[in-house]
Amino acid sequence: MARSRNLIPTYRNKNGRGIVTVRNPDGSRRDILLPGKHNSDKSLKEYERILAMLRTTGGEMRTVGRRIDGLSIAELVLQFMVQHVQTYYVHPVTKKPSREQINFKESLRPLVRLYGETLAAEFGPLAFKSVREAMVCGSWKNEKETEQYQGTKRKIGLARTTTNQHCGRIKMLFRWASENELIPASVYHGLQSVSGLRRGRSAARETEPVKPANPETVDAIVRELPPITGDIVRLLLLTGARVGEMCELKSPDIDRTGPVWFATLDKHKTAHHGHIRTICFGPQA
């Protein structure tokens, strides 16, 4: 009986450097000498990256475009975060970082973990799909991160909708790089050909839709809140406003000439899309 193939390469010492032997798609083998000294943080980090790659590709080392010169994906992500995300995704008034900055970090982390040293100009649809598959099954995480999910109710793989959102942000990264002439435009167009995961058509798990809160539950909670906080919750229910909008609203901002009061906001979440945001206050509000 043929011996089963070992998909996890052994981390070995060669002249004080870490080394692993991996299998190429054509069946041949090659050695990869890891950076830094044997058992150093730099060497072990690269070893974990290779393991994440192999778990995604079924044990085959498909890394292409290993960086010799030119812009790597890790360098591209750094430029994108500093020059675009950290300056664009901020509160329009306070200029504080918005939640979207954290979302981009979470979305781009698997990409950097698997293909950080790959040339950005050589990242294609197949590599993109391998990152997406790694998100679905959680194979991009290292052993320590995987252990954190054991014994908990949390799933290590991302849901289909979350995976599609992460992939959308990765496409935004390459669109930004294309419009700033950091990579050929063909790279971004190639990634555009990868469609999002459809419900029931992939291995990604589905999540239950978020439903409105039970009014009886809300009433019970409001009775336990301080008066001002309880009033804010009641107004949110009656107006459909966002918490930040309600807390920042001032009396001069409200038109109280009619039976229904109106507040038209100059600064709001979708103002950069040219949308007009109006909050209506009925008699109960």
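Here, "buried" means under 20% relative accessible area, "exposed" means over 50%, and "partly exposed" is what falls in between. Keep that handy for the exercises below, and remember that this is a predicted model.

**Exercise 1. Sort out the cysteines C137 and C167: is each one buried or partly exposed, and how many disulfides does the structure hold?**

Step 1. Start with C137. Its relative accessible area is 37%. That value sits between the 20% and 50% cut-offs, so C137 is partly exposed.

Step 2. Now C167. It comes in at 6% relative accessibility, so it counts as buried.

Step 3. Check the pairing. A disulfide needs two cysteine sulfur atoms within 2.5 Å. For C137, the nearest cysteine sulfur is that of C167, 12 Å away, and C137 is in no disulfide. C167 is in no disulfide either. The count for the structure is zero.

**Exercise 2. Find out which residues have the most contacts inside the largest nonpolar core, and what F174 touches.**

Step 1. Size up the core: it has 43 residues, and L108, L111, Y115, F123 and F174 have the most contacts inside it.

Step 2. See where the residues come from. β2 (17–23), α1 (41–57), α2 (73–88), α3 (99–115), α4 (125–137), α6 (160–179) and α7 (185–192) each chip in at least two.

Step 3. Zoom in on F174. Leaving out residues up to four places away in sequence, F174 touches I73, L76, L111, A120, F123, I183, V187, Y188 and L191.

Step 4. Don't miss the other core, which lies apart from this one: it has nine residues, including A241, M246, I254 and F281.

**Exercise 3. Describe the second largest pocket: what is its volume, and which residues are closest to its centre?**

Step 1. The volume is about 390 Å³.

Step 2. There are 13 lining residues, and K45, E46, R49, V112 and E117 are the closest to the centre. α1 and α3 each supply at least two residues of the lining.

Step 3. Split the lining by type, and you get eight charged, four nonpolar and one polar.

**Exercise 4. Look at the backbone of N15 and N39: what is phi near in each, and where do they lie?**

Step 1. Recall the usual case: most residues other than glycine have a negative phi.

Step 2. N15 has a positive phi, near 55°. You'll find N15 in the loop between β1 (12–14) and β2. Its relative accessibility is 75%, so N15 counts as exposed.

Step 3. N39 also has a positive phi, near 70°. This residue is in the loop between β3 (29–33) and α1. At 47% relative accessibility, N39 counts as partly exposed.

Notes:
Residues are numbered from 1 along each chain as its sequence is written. This is a predicted model: local features need pLDDT of at least 70, side-chain atom pairs count only at pLDDT 80 or more; totals for chains, interfaces and linings use all residues. Side-chain values use heavy atoms; hydrogens and water are left out. A nonpolar core is a set of buried Ala, Val, Leu, Ile, Met, Phe, Trp, Tyr and Cys residues joined through side-chain atoms within 4.5 Å. Buried means under 20% relative accessible area, exposed over 50%, partly exposed in between (1.4 Å probe, protein chains only). Helices (H or I, at least four residues) and strands (E, at least two) are DSSP runs, numbered from the N terminus. Contact means heavy atoms within 4.5 Å. On a 1 Å grid over the protein atoms alone, a cavity is a set of points where a 1.4 Å probe fits but cannot get out, and a pocket is an open set with protein on both sides within 12 Å along at least five of seven lines; lining residues have an atom within 4 Å of a point. Grid points are joined across faces, edges and corners, and a volume is the space filled by probe spheres set on the points. Ala, Val, Leu, Ile, Met, Phe, Trp, Tyr, Cys and Pro count as nonpolar, Asp, Glu, Lys and Arg as charged, and the others, Gly among them, as polar.
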